[in-house]
Amino acid sequence: ITFFFFFLLFFCIGVQDSLLKMTDMQPLELVDKCIGSRIHVIMKGDRELVGILTGFDEFVNMVLKDVKEFEMGPDGMKCTQVDEILLNGAHIAMLVPGGEGPVVE
């Protein structure tokens, strides 16, 4: 019974350590892992962008390439293609790694 108790205790400590390691990742580390892959950026206001993240800084200003820009207007959703764009991090509301963007009908 004692062996089983110690085995269970060490197993639980190991699981707890691995959970702590998963949550130790900082937000900028997560964004860094997205470099070179598609990302969906939801801006404050009525704009959303989907493109390949090529770089960012500590203020989360971002450079995207092969960008589709979606803007909601009075006539509905408008989609514009842009080769490269620099986004001001202060205007970004949410990032969705691998996101495809809004559905345009």
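This is a short dialogue on reading the fold of a predicted model.

User: Where do I start: how many helices and strands does the protein have?

Analyst: Begin with the element count, then the order along the chain. This protein has 2 helices and 5 strands. Read from the N terminus, the elements run α-α-β-β-β-β-β.

User: In what order do the strands lie in the sheet?

Analyst: Order in a sheet is read across the strands, from one edge to the other. Here the order is β4-β3-β2-β1-β5, in an open sheet with antiparallel pairing. The edges are β4, residues 76–87, and β5, residues 92–97; each of these pairs on one side only. From one strand to the next, the twist averages 25 degrees.

User: How many bridges join β2 and β3?

Analyst: For a single pair, look at the residue ranges, the sense and the bridges. Strand β2 covers residues 47–56 and strand β3 covers residues 62–73; they pair in the antiparallel sense over 8 bridges.

User: Which residue in β3 stands opposite Phe56?

Analyst: Phe56 faces Met62, a residue of β3.

User: What share of the residues is buried?

Analyst: Burial is set by a cut-off, under 20% relative accessible area. By that criterion, 23% of the 105 residues in the protein are buried. The accessible surface comes to about 7,600 Å², and carbon and sulfur atoms hold 62% of that area.

User: What part of the contacts links residues 24 or more positions apart?

Analyst: Take the contacts with a separation of 6 or more as the base. Within that set, residues 24 or more positions apart account for 43%.

Terms used. Residues numbered from 1 in each chain as written. Predicted model: local features only at pLDDT ≥ 70, side-chain atom pairs only at ≥ 80, totals over all residues. Heavy atoms only, no water. Pairing = 2+ DSSP bridges. Helix = DSSP H or I, 4+ residues; strand = E, 2+ residues; numbered from the N terminus. Axes fitted to C-alpha atoms, helices over the stretch in contact; angles between N-to-C directions. Buried < 20%, exposed > 50% of the residue type's maximum accessible area, 1.4 Å probe, protein only. Contact = heavy atoms within 4.5 Å. Areas by Shrake-Rupley, 256 points an atom, 1.4 Å probe, with all protein chains shown as cover.
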